[in-house]
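Visitor: I'd like a quick walk through this one, with the reasoning shown as we go. Could you put it up on the screen?

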Amino acid sequence: MRPVLPEPLRPLSELARNLRWSWHPETRELFQSVDPDGWRAAAGDPLRLLGTVSAARLAALAEDRRFRRRLAAASDDLHDYLTGRRWYQEQPEGLPAAVAYFSPEFGITAALPQYSGGLGILAGDHLKSASDLGVPLIGVGLLYRHGYFRQSLSREGWQQEHYPLLDPNELPLRMLREPDGTPSRVSLALPGGRSLLAYVWQARVGRVPLLLLDSDVEENAPRERDVTDRLYGGGGEHRLLQEMLLGIGGVRAVRAYCRLTGHAEPEVFHTNEGHAGFLGLERIRELTEKGADFDSALESVRAGAVFTTHTPVPAGIDRFDRELVARHFGPAGELPGIDVERVLELGLESYPGGEPNLFNMAVMGLRLAQRANGVSTLHGQVSRQMFAGLWPGFDAEEVPITSVTNGVHAPTWVAPEVLRLGARQIGAGRAEDALTVGGSQRWDAVADIADADIWELRRTLREQLVDEVRERLRAAWRERGAGTAELGWIDGVLDPDVLTIGFARRVPSYKRLTLMLRDRDRLMELLLHPERPIQIVVAGKAHPADDSGKRLVQELVRFADDPRVRHRIVFLPDYGMAMAQKLYPGCDVWLNNPLRPLEACGTSGMKAALNGCLNLSVLDGWWDEWYEPDFGWAIPTADGTATDEDRRDDLEATALYRLLEERVAPRFYDQGAGGLPGRWIEMVRRTLTTLGPKVLAGRMVREYVERLYGPAADAQRALDPDTARELAAWKRRVRDGWPGVAVDHVEAVADTALNGTAELGATVSLRVSVTLGALEPADVEVQAVAGRVDPADHLSRTSTFTLKPTGAPGLDGRRLYEGPLTLDRTGPFGYTVRILPAHRLLASGAELGLVTLPPESAGEGAGVLLR
C-alpha cells in the first residue's frame, strides 16, 4: 500500500525515488524534517519513511509554507542536476553517446541492498560519479530477492546468516513497462525446451538508469524462478544461469530500455569483472542476425568493449566445466545460431598452464574486449603476469592490460561535518565541485584551516563513532541472547579521547583479519597502555560457504569478548554501507594488512582518508602507489622466498606492533601548545591536501572516459561491417601465414669495433634479414627492443624502435630491414629484434599474441653492448 501524498507534497515521491538523495545532504535533511523519529526508524530510507508518516502530519506539512519552499528548492535542484550541462557535455565531440556498465552487484545505498563488498561499492561509486560528471552511463545488474546475507553472531561468536526477503515494490525501483502497460521482460532459452524469463526493474541513480533483472516471474519453473534469489549463492549451473542472465539478458534489457525510453544506444560496453562476460556473445548474436559472420562480428564487439578485472588470484574467478557451458549453448540452448565450439574457444584455458576443460569467465572477458584494465598500478602488473599465457612470446609488461586506479565517491563517504568545514573554507559550490569533478592536484585551501578546528572535528567524529558502536554492540549482544541486566559494561566501551583504529572488510584468509592477534599479550599491552592506549573497531563478513573465514571471525570475537579488553576492542556484526558511513570518519587510523600483492585495490582506506583518517597498511593495492610518510605508515612486507606463511605473519605482525607502539601512538598523544598534537594534525592536513584529490571516483571515471571509453567508441565506429570483415580476414591470413615468418640474421654495425663495449651516446646501425613467407611488409612491424640487462640476462626498462624495409626482397625471398639504435644509458645494455603483426585497427602490437624472435644463431655482433 503506497501513501497518497497531498498535491503540494507530490515532489517528495520523485525525490525519494531518485537515489541522488543518498549522497545529497540537503535532500536527506528535508526528509528528516518530515518526521525525525520516523526517519531514524526507517534507517534513513525516504520511501520507508513516507510509508509510515501519518495523514495528519502530511496534511500539516502541505500547509507549512516554509516546508513547501524547502521542498520546491530541493525539487528544482534535482531538476537542474538531471538536465544541466556537466563535465562530459563540455568535452570535445566524439565521446560515446552512451556506455553500458555491467556488474553483478551495485552498492548504491543501504536502502537497496544489492552488494556484498568492494566490487559492488566500487560499481555504485562508478555510477554516482558518472552521474555527477554527466557521463551517459546505463548500469546493468541483477535484482536479488534476498540480497546478500545479514550477519549475526551466536553466543559462542560463530557467524550466522539470515536472508530477508526483499519486495521490489518497497524498494526505490520502478518496473520497466511496454507502451500498453504490461511488464517488459527478457527471455533466455535453456536446454530441454525450458526458458528463463526476467522482469526489468529500474533504479534512478541521479542521471544514470540502473537496470536490474529479476527472475521471480510466475511463468518460470521453481528452479528458474530462484536464479536471482541471492547474491553469490549456489554454484555450478545456478551461478552459470545468473551470469547468462546478467550478460545475455542484460544486453536485451538495455535494448528494451533504449527502445522504450529513447535513450541513446550504447557504443561502448564495460564489463566490470568476468561475471557479465556473456554480454559479448549476445552482441555477436545480434550482429550475425544482421548478416555478419562470426569473425567479423567478434572484431566489432571487441572494438567497443572494455573489461575490468578485479581479482589478483585465479581462485577469485568463476570457472565452469566445459560440458556445462556446451549444454547451455548447444543447439537446444541459448544462441543456437552460433557454433558452440566458437563459444567455448573464447573461454577455455587453452594456453600453457591452463586447465583446458575449464571455461574461465575472465579469459572470455579478455578475449571479447580490445581494452582491459586492472584497478591499481600494482594490480595491473599482477594481472599482466596472471594472464600472460593469453599472449605467449611476450614479456608480462607488454601484456595489453593497463590500469585505472579505483576511486571513491566523496559525497557518499565524506561525513557531513567534514563537508561543512570544507564549505566554510572555500564555499559550498567549490567544495562540491572539488569532491565530484575533481581535476586539481592538491586541495591547498585545507592548509588554511586552523589546527584547533581540525582537532575539534576529529574528536566530534570520534565521539559520534563511540555512540554508534555502543548502540550497535548492545543490539548485537541482545541478538546473542544477553539480557539488559548483563550489558551495563557497554556504556564504558571505547573512549572519545583514545586513539581509534578501524578494520572493516570481507573476511577471506588473505585479508588476515586476525593478524593483530598474532601476539595477544602484546596487543593487550597496546590496548591497555596507561598513557598511550589504543582502541580498535572491527567488522566484516565471511562468505557463507567459507568456514575458515567464519573461524577467523569467531577467533576475533572471542578475544573481543574478554572482560579485560572488551572496552577497547569490539567486533560489530552485519557490516554494510550504513555502518561504514559512520566508521570511516570516526577512526583516526585505518588498518589494512593483506598478503601482498593479493589486494587488487582496497578502497576502504580511501574513504577513511577523505575524512582525515590516516592509513596504516601493507604496501598493496592503491597504498603501494600513493603511500608517502606525510600521511600514513607502511607495514613492511616479509616476502622473501625462504619465508613460509607462518613466519611471514609473525614478522609482519611484529612490525605492526612496533609501528603502533613506537610511531603511531606517540605521535597521536604528543600534545604541544594548546593541548594539540601538532604533528598528527599536520599529517591529517597533508592527507586531505595531497591524497584527497587522488582517491576520488570523479578522477577514476574521467580516466575511464579519456583512456578507455573514448578510444573504444572510436574503434567501434571505425569498424563498419565491411571494415570488420576486412580486419577479420586480415587476422586469419596473418595467423595462417605466421609460421612462415622468421628472423634470419641480425647484424650490428658501428663506426668502431664494439668488442663488447661502446660509449654512451654512440649509434649502432642494425641490419636485420627476415622471411615473411606469404605476408607482406605492410602486415608486420620489425622492431629493435633495447634496454638494461638484468642478472638473469633478461631485458628490462625497454624501449622499442621500428626498423624500416630497404627495398624489394632478394632472390631468396628475404627482406632487409635497417635502423639506428642509440646507446642511451650506461651499464649492462642489450637488445634483440622481433617481428609483430601490424594493422591500423589493432589496439596494441601484442593483440594477436603473435611474435617472432631471432634464433640463437641469427646474431652477429648482437647482444650486450655496454657493461
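Visitor: Where is the place of L494 in the chain?
Guide: This is a predicted model, so take everything here as computed. L494 sits outside the helices and strands next to it in sequence, in a loop. The elements on either side are α19 and β15, so the place to look is the loop between α19 and β15.

Visitor: And what is phi of L494?
Guide: Most residues other than glycine have a negative phi. L494 is a residue other than glycine, yet its phi is positive. The value is near 65°.

Visitor: Is L494 buried or exposed?
Guide: Anything under 20% relative accessible area is called buried. L494 has a relative accessible area of 3%. That makes L494 buried.

Visitor: Which loop holds E273, and what is its phi?
Guide: E273 is found in the loop between β9 (268-272) and α10 (279-289). With a relative accessible area of 7%, E273 is buried. E273 is not a glycine, but its phi is positive, at about 80°.

Visitor: Which two residues does the cis peptide bond with omega of about 5° join?
Guide: Most peptide bonds are trans. Here there is a cis one, and P597, one of its partners, is found in the loop between β18 (589-592) and α23 (604-609). The bond joins R596 and P597.

Visitor: Back to the loops: how far apart are the C-alpha atoms of R566 and W489?
Guide: R566 has its place in the loop between α21 and β17, and at 23% relative accessibility it counts as partly exposed. Along the chain, R566 and W489 are 77 residues apart. In space, their C-alpha atoms are separated by 8.9 Å.

Visitor: Which residue forms a salt bridge with R480?
Guide: Side chains of opposite charge can pair when their charged atoms come close. For R480, the closest N and O atoms of the pair are 2.8 Å apart. The partner is D561.

Visitor: How many residues apart in sequence are the parts that this pair ties together?
Guide: The bridge between R480 and D561 has its two ends in separate loops: R480 lies between α19 and β15 (499-504), and D561 between α21 (547-560) and β17 (569-572). R480 counts as buried at 7% relative accessibility, whereas D561 counts as partly exposed at 22%. Given those two loops, the pair ties together parts that are 81 residues apart in sequence.

Visitor: Why are R459 and E463 separated by about one helical turn?
Guide: These two form a salt bridge, with the closest N and O atoms 3.4 Å apart. R459 counts as partly exposed at 27% relative accessibility, and E463 is partly exposed too, at 35%. They are about one turn apart because they are four residues apart in helix α19 (residues 451-479).

Visitor: What is the N to O distance between E224 and R223?
Guide: E224 is buried, with a relative accessible area of 2%. Its side chain meets that of R223 in a salt bridge. The distance is 3.8 Å.

Visitor: How many salt bridges does the structure hold?
Guide: Some of them join up: R512, R518, D646, R648, D649, D650 and E652 are linked in a network. For the structure, the count of salt bridges is 72.

Visitor: Which residues gather in the patch of positive charge?
Guide: The patch is on the surface. One of its residues, R70, is in helix α6 (residues 65-83) and is partly exposed, with a relative accessible area of 32%. The members are R65, R66, R69 and R70.

Visitor: Which elements give two or more residues to the negative patch?
Guide: On the surface, E26, E29, E432 and D433 gather in a patch of negative charge. The elements that give two or more residues to this patch are α2 (25-34) and α18 (428-436).

Visitor: Last one: what is the radius of gyration of the protein chain?
Guide: The chain has 28 helices and 27 strands, and 56% of its 867 residues count as buried. Its C-alpha atoms fill a box of roughly 95 × 70 × 50 Å along the principal axes. A compact globule with 867 residues would have a radius of gyration near 29 Å, and the chain agrees with that, at 29 Å.

How values were computed. Residues numbered from 1 in each chain as written. Heavy atoms only, no water. Patch = residues over 30% accessible without salt bridge, like charges linked within 9 Å, V, L, I, M, F, W, Y side chains within 5 Å. Areas by Shrake-Rupley, 256 points an atom, 1.4 Å probe, with all protein chains shown as cover. Salt bridge = Lys/Arg side-chain N within 4 Å of Asp/Glu carboxyl O. Lys, Arg positive; Asp, Glu negative; His and termini not counted. Charge placed at Lys NZ, Arg CZ, Asp CG, Glu CD. Buried < 20%, exposed > 50% of the residue type's maximum accessible area, 1.4 Å probe, protein only. Rg over C-alpha atoms; globule rule 2.2 N^0.38 Å.
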